[in-house]
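Grab your viewer and let's work through a few exercises on the fold below. Try each task before reading its solution.

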Amino acid sequence: MKYNKIFLSTLLIFILLTGVASAAKPIITADRTYFDINSGLYILNGNVYIEVRDRVIMAGQARVNPTTMEVWGTGGISVQQRDINFTGDSVYIYGSKAQAKIDGGVNLSRSGLSINADNVDFNWRTRVAVFNGNVQVSQGSNNWSADSVSYNVDSNSFL
């Protein structure tokens, strides 16, 4: 119980530092949560669900380092916010840098737009997602390919 409270407090601090929430209290659930004393990581297994205001993050499993504010998630990542749906195979979040890297079958979709790529780097401060590797963009009736594409999620525009 003590470790669960510490974990939830640490995760809340992480979310606040990465700009995911400013005043909202997150809802965090998983089938199994524990602290691995040997690695210093909090481990969440099965149906990981994090909801903060209008953003929902889901994964099969996640590991959290409360000291470095790093998060590793695997098992199918899904992020939903407003009209944006974002999926991939795995995520690594650099909490102190407000950045995330999502790998494997990355897809961002929203009304009138779909972007597929091998991986994406996202910066919460700039709100820019940089898609790399086999990038396929479908916007309205336009379809195109590129090695790399930068996209601002707030302005809904390519850079």
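The exercises cover the nonpolar core and then the salt bridges of this predicted model.

**Exercise 1. Find which residues touch the most other members of the largest nonpolar core, and which strand gives the most to this core.**

Step 1. Start with the membership: the largest nonpolar core has 32 residues.

Step 2. Look for the best-connected members. Phe86, Leu108, Ile115, Val120, Phe131, Val135 and Tyr151 touch the most other members.

Step 3. Now map the core onto the elements. Two or more residues come from each of strand 3 (41-52), strand 4 (55-65), strand 5 (70-81), strand 6 (84-94), strand 7 (99-110), strand 8 (113-123), strand 9 (128-139) and strand 10 (142-152).

Step 4. Pick the top contributor: strand 8, with five residues.

**Exercise 2. Work out what tyrosine 151 touches, leaving out residues up to four places away in sequence.**

Step 1. Recall that Tyr151 is one of the core members that touch the most others.

Step 2. List its contacts. Among them are Leu108, Leu113, Ile115, Val128, Ala129, Phe131 and Phe158.

Step 3. Don't skip the rest: Tyr151 also touches Arg110, Arg127, Asn156 and Ser157. Keep those two arginines in mind for the next task.

**Exercise 3. Find how many salt bridges the whole structure has, and where the partners sit.**

Step 1. A search of the whole structure turns up three.

Step 2. Take arginine 110 and aspartate 83, whose closest N and O atoms are 3.2 Å apart. Arginine 110 is in strand 7 and aspartate 83 is in the loop between strand 5 and strand 6, so this pair ties together parts 27 residues apart in sequence.

Step 3. Next, aspartate 154 and arginine 127 also pair up, with 3.2 Å between the closest N and O atoms. Here both partners are in loops: aspartate 154 between strand 10 and strand 11 (157-158), arginine 127 between strand 8 and strand 9, 27 residues apart.

Step 4. Finally, lysine 101 bridges to aspartate 121, at 3.9 Å between the closest N and O atoms. This one links strand 7 to strand 8 across 20 residues.

**Exercise 4. Sort the salt-bridge residues arginine 110, aspartate 83, lysine 101, aspartate 121 and arginine 127: buried or partly exposed?**

Step 1. Use the cut-off: buried means under 20% relative accessible area.

Step 2. Arginine 110, at 13%, is buried, and arginine 127, at 16%, is buried too.

Step 3. Lysine 101 is partly exposed at 23%, as are aspartate 121 at 29% and aspartate 83 at 34%.

Note on methods: Residues are numbered from 1 along each chain as its sequence is written. This is a predicted model: local features need pLDDT of at least 70, side-chain atom pairs count only at pLDDT 80 or more; totals for chains, interfaces and linings use all residues. Side-chain values use heavy atoms; hydrogens and water are left out. A nonpolar core is a set of buried Ala, Val, Leu, Ile, Met, Phe, Trp, Tyr and Cys residues joined through side-chain atoms within 4.5 Å. Buried means under 20% relative accessible area, exposed over 50%, partly exposed in between (1.4 Å probe, protein chains only). Helices (H or I, at least four residues) and strands (E, at least two) are DSSP runs, numbered from the N terminus. Contact means heavy atoms within 4.5 Å. A salt bridge is a side-chain nitrogen of Lys or Arg within 4 Å of a carboxyl oxygen of Asp or Glu.
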